[in-house]
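Colleague: I should like to go through this model with you slowly, and to hear how each label is justified. Could you set each value against its definition as we go?

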Amino acid sequence: MSIKYIKVPSYDLYSDMAYKYKNGELRIPEHRYIMAQHLRRCLTSDEVVHHKNGDDSDNRLSNLLLTDKSNHSKIHRKLYSDRIARWQARRAKSVVNAELARNKLLSDST
Ligand SMILES: [Zn+2]
């Protein structure tokens, strides 16, 4: 579940997108490299490649979505609020279940 990087030579078509390491190595996050190859151009610094299923290591093209920084934070805010809503629904259900269990105990003991 973590981002993979690939090492590219300086003559690579997409080396402009690479991070340069102190030892001179050039590396590109694999998901950005795959999207760039798909589009046949370098990505801009504002472009973000989102992993649709949330798995950062799943770099199949079908799992990748090209978006920009502002839309990307919207996507993640929405994912976060959906998660909170699911948690609240589960919690409400368990409160109801606990109440039902308590009522059953009371009626069994009479
Ligand atoms: Zn994302």
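Modeller: Let us begin with contact: two residues are in contact if their C-beta atoms, placed from the backbone, lie within 7 Å. By that rule, and not counting residues up to four places away in sequence, Leu64 touches His31, Ile34, Met35, Val49, His51 and Asn59. Please keep in mind that this is a predicted model, in which local features need pLDDT of at least 70 and side-chain atom pairs count only at pLDDT 80 or more, while totals for chains, interfaces and linings use all residues. Residues are numbered from 1 along each chain as its sequence is written.

Colleague: What makes the place of Leu64 a strand?

Modeller: Helices (H or I, at least four residues) and strands (E, at least two) are DSSP runs, numbered from the N terminus. Leu64 lies in such a run, strand β5, which covers residues 64-68. Under this definition the protein has two helices and five strands, and along the sequence they follow the pattern β-β-β-α-β-β-α.

Colleague: Is Leu64 buried, exposed or partly exposed, and how do you know?

Modeller: A residue is buried if 20 or more other C-beta atoms lie within 10 Å of its own, exposed if 12 or fewer, and partly exposed in between, with C-beta atoms placed from the backbone. Leu64 has 18 other C-beta atoms within 10 Å, and is therefore partly exposed. Arg40, in the loop between α1 and β4, has 8 other C-beta atoms within 10 Å, so Arg40 is exposed. Of the 110 residues of the protein, 10% count as buried.

Colleague: Which residues make up the largest nonpolar core, and what makes it a core?

Modeller: A nonpolar core is a set of buried Ala, Val, Leu, Ile, Met, Phe, Trp, Tyr and Cys residues joined through C-beta atoms within 7 Å. The largest one has eight residues in all, namely Met17, Ala18, Ile28, Tyr33, Met35, Ala36, Val48 and Val49. Its largest share, three residues, comes from α1. Met35, leaving aside neighbours within four places in sequence, is in contact with Leu43, Val49, Leu64 and Leu66.

Colleague: How do you know that β1 and β3 are paired?

Modeller: Two strands pair if DSSP finds at least two bridges between them. Four bridges join β1 to β3 (residues 26-29), and the two strands run antiparallel; in one of these places, the bridge partner of Lys7 is Arg27 in β3. The open sheet of three strands has the order β1-β3-β2, and its edge strands, β1 (5-8) and β2 (19-20), each pair on one side only.

Colleague: How do you know that the length of helix α2 agrees with its number of residues?

Modeller: The expected span of a helix is 1.5 Å times one less than its number of residues. For the 40 residues of α2 (residues 69-108) that gives 58 Å, and because the end C-alpha atoms are 59 Å apart, the two agree. Helix α2 is also hardly covered, since the count of buried residues in it is zero.

Colleague: Why is the protein called more spread out than a compact globule?

Modeller: The radius of gyration is taken over C-alpha atoms, and the globule rule is 2.2 Å times the number of residues to the power 0.38. For 110 residues the rule gives 13 Å, whereas the radius of gyration of the protein is 23 Å, well over that value, so the protein is more spread out than a compact globule. Along the principal axes, its C-alpha atoms fill a box of roughly 85 × 25 × 25 Å.
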